[in-house]
Amino acid sequence: MNETTIPTDSQAADSQASDSPVAQAQSAAAQHSDSAASIHRITVAGAGTMGYSMAEIFARKGYEVTLWNHRWPALDRAKTLIAPEVADSIDYSASDHAFEDADLIVESIVEDVDAKLAFYRQVSPLARPDAIIVTNTSGLSINKLATAVTGPQRFLGMHWFNPPTLIPLIEIIKNDATDPAVARTIYDLALAIGKKPAIVEKDVPGFAANRIQLAVVREVCSMVSKGIISPEGADAVMKYGLGFRWSCLGPLETLDFGGIDVFEHVSEYLMPDLEDSHEVPALLKQHYEAGELGVKTGKGFYDYSGDKARQATAERDRKLRAVHDALYGEDN
C-alpha cells in the first residue's frame, strides 16, 4: 500500500543512493516512466477549495486546465482565489462540453455519494473512451462510485489533502476493475506535479491515511478522557516527537531504525493495554454533540473565537510551508 508497489526497471539499479527506500522508488519512477505524457488537457469538476487549488497546481505545471462547476458564481469566486499569475491561463466552464476532450477528469464535487453517482452517470458517457476519470473523495467507496462510471477500468481515487498546495501526499486508490496502467499513469502524473503518491491496492473504508489517522485519534481521545494527558500534552507528543520523526521516516522505517526486536518486546506488554473500541471516541462525540466543531465554529478542543481562527490557520500554513520547503523544496 505504498510507492514500492509500483514496479520499475530501476528500483534495484541505484543501490548506492543515500535516500530512503521510498525516496529511491519515487526517484526511479520519475526518471524512467513517461506514462503520464499522454495527459495534456485536464478538467477539474468542482470549484470549491480543493477543486480550484488542484486546478491552480495543474496550471502551474503547464497543463491545459478547465475548471468546471454547475454554477457560475462558484467559478467567479474561484477565479479570485487562484493565484493571479495562473488564473487567466485556466478556462472556466459550466457546460458539459468541458468533459468531451479531456485526457483526465478530476471530480471534486460535494462529498455526497448520490451526487457523485449522478455526476458520473451524466459525465462519463461524454468523456472520450481513453480519458481517465478520478475522484477526490476522502472516504467514499471507490468500488461504489465505479458502478456509475462508463468504463470502470479507467476510474480510481486520487485523494488530495487539504491544503493541497502544501501537503505532498496523494493517495491513489484502485477499484476492483482499475487497469494497472491507469493507476501507473496517475502515479506518474502525481510525481510530475511534485507530489508524493501512494498506491492503495484495495478499496477499504478510509483508504490508508484516514485509517492510520483515526487509529491515533482513538488512542489520544482515550488517554485525554482518562486524564492520562491533556489535549495540549497529546498534541505536543505528536508535533515534537512522533510527527517530527514521521515527517522523515514512516512507521515501518521507524521500526527498522529502532530495531524490530525492541518493538516486538514493547508490543508484548503494550498492545493489550491500548484502546480497541469500535465506537466513536466519547470525547470526540461530546464535542460534536455540543456543536463544537473546531475552527469552523470558533471552538473545538481549543478556543478559536474572535480572530484566533484566522491566526491559527495562518500559523498552520506558515509551519506547513516551512516543513514542505525544508524537506521537498527545489533544492532537496
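I take helices (H or I, at least four residues) and strands (E, at least two) as DSSP runs, numbered from the N terminus. With that rule I located Thr135 in strand S5, residues 132-135.

**Ground rules**

I note that the model is predicted, so local features need pLDDT of at least 70 and side-chain atom pairs count only at pLDDT 80 or more, while totals for chains, interfaces and linings use all residues. I number residues from 1 along each chain as its sequence is written, and side-chain values use heavy atoms, with hydrogens and water left out.

**Entry 1: the whole protein**

I found 13 helices and eight strands in the protein. I call a residue buried under 20% relative accessible area, exposed over 50%, and partly exposed in between (1.4 Å probe, protein chains only). By this rule, 39% of the 332 residues count as buried.

I looked up the accessible surface, which comes to about 18400 Å²; 55% of this surface belongs to carbon and sulfur atoms. Accessible areas come from the Shrake-Rupley method with a 1.4 Å probe, and for residues only the protein chains shown count as cover.

I use "contact" for heavy atoms within 4.5 Å. Of the contacts with a separation of 6 or more, 63% are between residues 24 or more positions apart.

**Entry 2: Thr135**

Is Thr135 buried or exposed? I record it as buried, because its relative accessibility is 0%. Setting aside residues up to four places away in sequence, Thr135 touches Glu107, Lys116, Tyr120, Ile142, Leu145, Phe155, Leu156, Gly157, Met158 and His159.

For polar contacts I require a pair of N or O atoms within 3.5 Å; within protein, one must be able to donate a hydrogen and the other to accept it, and residues adjacent in sequence count only if both atoms are side-chain atoms. The side chains of Thr135 and Glu107 form such a contact at 2.6 Å. I also noted Ile109, which is 26 residues from Thr135 along the chain, with 8.8 Å between the C-alpha atoms.

**Entry 3: Ser124**

I placed Ser124 in the loop between helix H5 (113-123) and S5. Ser124 counts as buried because its relative accessibility is 1%. Which backbone atom does the side chain of Ser124 reach? It is the backbone nitrogen of Thr150, at 3.0 Å. Beyond its neighbours within four places in sequence, Ser124 is in contact with Phe119, Ile133, Ala148, Val149, Thr150 and Arg154.

**Entry 4: Asp103**

Asp103 sits in the loop between strand S3 (91-93) and strand S4 (104-107). I list Asp103 as buried because its relative accessible area is 7%. Its side chain makes a polar contact of 2.8 Å with the side chain of Arg128. Arg128 is also one of the residues in contact with Asp103 outside four places in sequence, and these include Ser38, Ile39, His40 and Arg41. I checked His40 further: 63 residues separate it from Asp103 in sequence, yet the C-alpha atoms are 6.4 Å apart.

**Entry 5: Lys174 and Asn143**

Lys174 belongs to strand S7 (residues 169-174). I count Lys174 as buried because its relative accessibility is 15%. A polar contact of 2.7 Å joins its side chain to that of Glu201. Among the residues that Lys174 touches, not counting those up to four places away, are Ile142, Leu156 and Asp203.

Asp203 appears again with Asn143, a residue of helix H6 (residues 142-146). Leaving aside neighbours within four places, Asn143 is in contact with Asn175, Asp176 and Asp203. Asn143 and Asp203 are 60 residues apart in sequence, with a C-alpha to C-alpha distance of 6.8 Å. I call Asn143 partly exposed because its relative accessible area is 23%.

**Entry 6: the second largest pocket**

Rolling a probe the size of a water molecule over the atoms shows where empty space is left. On a 1 Å grid over the protein atoms alone, a pocket is an open set of points where a 1.4 Å probe fits, with protein on both sides within 12 Å along at least five of seven lines; lining residues have an atom within 4 Å of a point. Grid points are joined across faces, edges and corners, and a volume is the space filled by probe spheres set on the points.

How much space lies in the second largest pocket? I noted about 170 Å³. Its lining consists of Leu214, Arg218, Ser277, His278, Glu279, Val280, Pro281 and Leu284. I sorted these residues into four nonpolar, two polar and two charged, where Ala, Val, Leu, Ile, Met, Phe, Trp, Tyr, Cys and Pro count as nonpolar, Asp, Glu, Lys and Arg as charged, and the others, Gly among them, as polar.

I last looked up Val217, in helix H8 (residues 209-225). Its C-alpha atom is 8.3 Å from that of Pro281, 64 residues away along the chain.
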